[in-house]
2 protein chains.
Amino acid sequence: MEMKSAVTALGALAQETRLSIFRLLVEAGPEGLCAGDIGARLGVPAATLSFHLAQLASAGLVQARQQSRFIFYSADFEAMNGIVGFLTENCCGGRPCPPARARRKKTTAS
Amino acid sequence: MEMKSAVTALGALAQETRLSIFRLLVEAGPEGLCAGDIGARLGVPAATLSFHLAQLASAGLVQARQQSRFIFYSADFEAMNGIVGFLTENCCGGRPCPPARARRKKTTAS
DNA sequence: TCCATATTTCTATTATCATCGAAATGACAG
DNA sequence: CTGTCATTTCGATGATAATAGAAATATGGA
């Protein structure tokens, strides 16, 4: 992941509604949720939701797939891991350090 | 880390200059770098740099400390790990899943 | 085909952000 | 103190983003 796509992805997440959507989809797992369900759960009007889903999709953070009458959105976990890696890349010049150890502890769950 | 501070932090990183600054500081480790050095390395005018450093600081992503005539900025690794945790929290409903395994592999380095 | 409903596009309004020169402030050395 | 140099504040300008109602566009069941 290079700078530009990282900025785009972070910008997509830097908004309360979108961050809520994304976290909901991360929790939902690979199956995802359909647009209507997302809107209902978060209390977001359809037009607003569509706008934000488009932003997340164009940032590469979520994927859409049609399933019967519904469009299911799911988190792109590879992209998410890419951002995490980009932020923590070469931490402390690559030397062993407490920050990496703490991070390892957290992200090892599940 | 709750929603609001996460949005603020992500917003602080969702900008090319600031993301570059932050990554530079992550690489620099706990010592950090003084403002002038950051500006010189990234080719950012002093006024612009100061603006962005203030944003990063108020988002809790960097810390400043005076050292002789210079002000040293360093990444707040705890905040960084907090964001990572917030994004990946409860991934796939907490069930074991490939995304978490892939992430573990990446963040285990150093 | 035709309708019900899921989702998107259009549009306008309002608000926030990035940039950087110039001037002001702050801190230290001598 | 005083001059020097590091950093911040001010201010003006241009650009991008969030919101949601109304209308348009799919999609698939009957």
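**Group meeting: two protein chains and DNA strand C**

In the side chain of Q55(B), an N or O atom sits 3.4 Å from a phosphate oxygen of DNA strand C. That is a polar contact, meaning a pair of N or O atoms within 3.5 Å. For pairs within protein, one atom must be able to donate a hydrogen and the other to accept it, and residues adjacent in sequence count only if both atoms are side-chain atoms.

Some ground rules. This is a predicted model, where local features need pLDDT of at least 70 and side-chain atom pairs pLDDT 80 or more, while totals for chains, interfaces and linings use all residues. Residues are numbered from 1 along each chain as written, chains are lettered from A and ligands numbered from 1 in written order, and side-chain values use heavy atoms, without hydrogens and water.

Back to the DNA. T48(B) has a side-chain N or O atom 3.3 Å from a phosphate oxygen of strand C. For S50(A), a polar side-chain atom lies 3.0 Å from a phosphate oxygen of that strand. Which elements give two or more residues to the surface near DNA strand C? Chain A gives α3 (35-42), α4 (46-58) and β3 (70-75). Chain B gives α2 (16-28) and α4 (46-58). Helices here are DSSP runs of H or I with at least four residues, strands are runs of E with at least two, and both are numbered from the N terminus. The largest share, five residues, comes from α4(B).

How many residues are around DNA strand C? There are 22, and G36(A), S50(A), Y73(A), R18(B) and H52(B) come nearest. Near means that a heavy atom of the residue lies within 4 Å. Of the atoms of strand C within 4 Å of the protein, 73% belong to sugar and phosphate.

Now the sheet in chain A. Three strands form an open sheet, ordered β1-β3-β2, with antiparallel pairing. β1 (33-34) and β2 (62-67) of chain A are at the edges with a single partner strand each, so one side of each has no neighbour in the sheet. Strands pair if DSSP finds at least two bridges between them. β1(A) and β3(A) have two bridges. L33(A) has Y73(A) as its bridge partner in β3(A).

Chain B next. β2 (residues 62-67) and β3 (residues 70-75) of chain B pair antiparallel over six bridges. Q66(B) is bridged to I71(B) in β3(B). The two strands form a hairpin, with two residues between them. In the turn, S68(B) has a positive phi of about 55°.
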